[in-house]
Amino acid sequence: MKALALLAPLALIAAAWEGSVALFAISPFYLPPLRDVLGAIGANWQAYQAAFLITLLEAVVGFVAGGLVGVGSGIVFAHAPRLKQMVLPIFIVSQTVPVIAFGAIIVLWFGNTLAAKAAIAFYLTFFPVTVNTLAGMEAVDPRQIALLRSFGAGRRALLWKLLLPSALPRIFTALRLSAGLALAGAIVGEWFGAVQGVGALLLAAMFNEQIIALWAAIILAAAVGGALFALVAVIEARLLFWREEL
Amino acid sequence: MHRRTLLATPLAVLAAPRIGQAQALTPVTLRLKWLPQAQFAGFYLAVERGYYREAGLDLSISPGGPNLLTENLVASGSEQFGLSGGTDSVFSAREKGLPITCIGVAHQVTPFVFVAKADGPVKTLEDFRGKKVTAWFTGAHLVLFGMLASRNIPRDALSISPQQVSITPFINGDTDVCAATWYNELNTIKARIGGADKLKLFVAEDYGITVPRDTVIVNEAFAAANPNAVTAFLRASIRGWKAAKAEPAAALEAVMKIVPTLDRAHQIAMLPEVLRLMEAGAAAQQGLFVIDPTAIKKAHDFFVEQQVLKAPIDLATAFRSSFLEAIPLADRLA
């Protein structure tokens, strides 16, 4: 049932794509028929599969690191308001610098490694998670905290039994947002001289004006994004079991 | 036997030949000037066939791209070798004091031309007046300025704007003249417009200008410490290019293996043009990658004249033929 709900809109988009190309006689230079794009992916299946896995791995490494650091910083900031006042503004400023500005530097530091792409994915990921963890923990009803305290709960018990579970829905909202950002980070990282990955395919297609290959890379990027999103959804369903509908 | 030794023994046996190899091979990288394509086929073929390993180098190739400056990466030492923009970018890197040296020149003549449609209004350079012309502002625009100056046409007599990667504006007729490399854009334009006879080409050399490009550069400190590795790199690269000339199909496969999604027909057409540029000029007599002092000096003086370089630079330190000349001439001839 769930699969059907997912496939139906995809089929609709595919039909609209093919239909409009045929109906309006769109030049393949602007929008090639979907079957040509899928055919190109099929013809180079191994290359596309490898690119999918590499970019997914880069994004996942950066995403997991960003998620952990984000939740960790959120917890620390919630407990240390003074530290929050000092460090959070730096976090905010760091996010105002467009990531593309860092790309060349990151390549100088890390070279053509997985770490370079993961670092950029991390950079885009940790901030939304930090802010939402913090907001989620600060939104807890003080009366609930007072109640648990009256039962003799210490800091640790409060964190694990009340603050974190209450913040989880917000944390997962941030993680879902960050899944897309991590993918963008990995792709941007690949734009600085990577040999493999979705970003490298995108770049090659763009600059060689291979429109079919360009659309193929876009579909591939969507597939990586979908996989990341699904990963978050699965973890969310496990951890947030008390929420009915997700 | 102690448990740790028991574990270590098979590992040591496995590791032994590798250690031997690692000691013999110097790990180096080559940063290209652009995304992988047949323009670099000789280097890829040399890696695939193990020519660098036989020369004592463990070489890995990193592609360039729109966001990278090869000179910077080689100067910082994050790469030892680079195939950089051209004599023009070597001049400006040296002017900025970047510690790089040019050790070879791949394209002996200007690798790009200016193109107009044969049935269009532009028949001669004089016809550029009042027209829309695009050129890459990474050096091609200067060549255009020089061509115009040679015929006393003022720059403001026409509209010159930066050229983007796409040649579609030229195909669609939005611009009258655009720049095109012999090996890449020109082939694309020919394919999309229906043949070479539908085009009028303006070649820089016809106007007395030559800007050799695709320069092989090395990090200065690395070259000082490892002169033999530099010569070994050139020797293996020349072997790769000679093999690419002898077996273009194998060279093409070496490139397609790196990026299987490339347009094969386009890459097939690219290789012979690249080889032609590499064998042009002084290379015909003095071999591949030769640094022709006359051509370099001429290009240098041109850029000084155009006030791109504020002052003349020391060409003897910027361009060093000694690494190349350590290889017998017979081995360098394509």
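# Notebook: chains A and B

I began with helix H6 of chain B and asked what packs over its buried residues: the cover includes strand E5 (112-117), strand E6 (132-135), strand E7 (159-162), E8 and strand E9 (199-203) of chain B. For my own record, helices (H or I, at least four residues) and strands (E, at least two) are DSSP runs, numbered from the N terminus. I call a residue buried if 20 or more other C-beta atoms lie within 10 Å of its own, exposed if 12 or fewer, and partly exposed in between, with C-beta atoms placed from the backbone.

Before going on: this is a predicted model, where local features need pLDDT of at least 70 and side-chain atom pairs count only at pLDDT 80 or more, while totals for chains, interfaces and linings use all residues. Residues are numbered from 1 along each chain as its sequence is written, and chains are lettered from A and ligands numbered from 1 in the order in which they are written.

**H6 of chain B**

I listed the buried residues of this helix, which spans residues 140-150: Ala140(B), His141(B), Val143(B), Leu144(B), Met147(B) and Leu148(B). Looking down the axis of H6(B), I find them within an arc of 155°, so they line one face of the helix. The arc is taken over the directions from the helix axis to the C-beta atoms. The spacing rule I keep in mind is that an α-helix has 3.6 residues a turn, so residues three or four places apart point the same way. Just after H6(B), I noted a positive phi of about 60° at Asn152(B).

**Asn184 of chain B**

Is Asn184(B) buried or exposed? Asn184(B) counts as buried because it has 24 C-beta neighbours inside 10 Å. I found Asn184(B) in the loop between strand E8 (177-181) and helix H8 (185-193) of chain B. I also checked Asn184(B) against Arg31(B): they are 153 residues apart along the chain, and 20 Å separate their C-alpha atoms.

**Domains of chain B**

The assignment splits chain B into domain 1 (26-109 + 212-332) and domain 2 (112-207); such bounds come from an automatic or database domain assignment. Over C-alpha atoms, the centres of these two domains of chain B are 26 Å apart. Their contact takes 15 residues from domain 1 of chain B and 11 residues from domain 2 of chain B. By contact I mean that the C-beta atoms of two residues, placed from the backbone, lie within 7 Å.

On the domain 1 side, strand E3 (81-86), helix H12 (264-279) and helix H14 (293-305) of chain B each supply at least two residues. H12(B) has the largest share there, six residues. I sorted that side by class and got eight nonpolar, five polar and two charged residues. The classes run as follows: Ala, Val, Leu, Ile, Met, Phe, Trp, Tyr, Cys and Pro are nonpolar, Asp, Glu, Lys and Arg are charged, and the others, Gly among them, are polar.

**Chain A**

Chain A has 10 helices and zero strands. I put its C-alpha atoms in a box of roughly 70 × 50 × 30 Å along the principal axes. Of the 246 residues in chain A, 37% are buried. Among contacts with a separation of 6 or more in chain A, 76% join residues 24 or more positions apart.

Next I looked up the UniProt record, an unreviewed entry, which lists "domain: ABC transmembrane type-1" at residues 52-241 of chain A. UniProt positions are in the numbering used here, feature names are shortened, and annotations may be inferred rather than shown by experiment. In the model that span is 87% helix and 0% strand, with its end C-alpha atoms 30 Å apart. The same entry's "transmembrane region" features include residues 212-235 of chain A. I get 100% helix for residues 212-235 of chain A, with 35 Å between the end C-alpha atoms.

**Where A meets B**

Here the contact takes 20 residues from chain A and 19 residues from chain B. H9(A) gives the most to the chain A side, five residues. By class, I count 12 nonpolar, seven polar and one charged residues on that side.

**The core**

Which residues have the most contacts inside the largest nonpolar core? They are Ala59(A), Ala182(A), Ala216(A), Ala217(A), Ala41(B) and Tyr44(B), in a core of 165 residues. Such a core is a set of buried Ala, Val, Leu, Ile, Met, Phe, Trp, Tyr and Cys residues joined through C-beta atoms within 7 Å. Helix H6 (residues 114-138) of chain A supplies the largest share, 14 residues. Last lookup: leaving aside neighbours within four places in sequence, Ala59(A) touches Ala121(A), Ala182(A), Leu183(A), Ala186(A), Val224(A) and Leu228(A).
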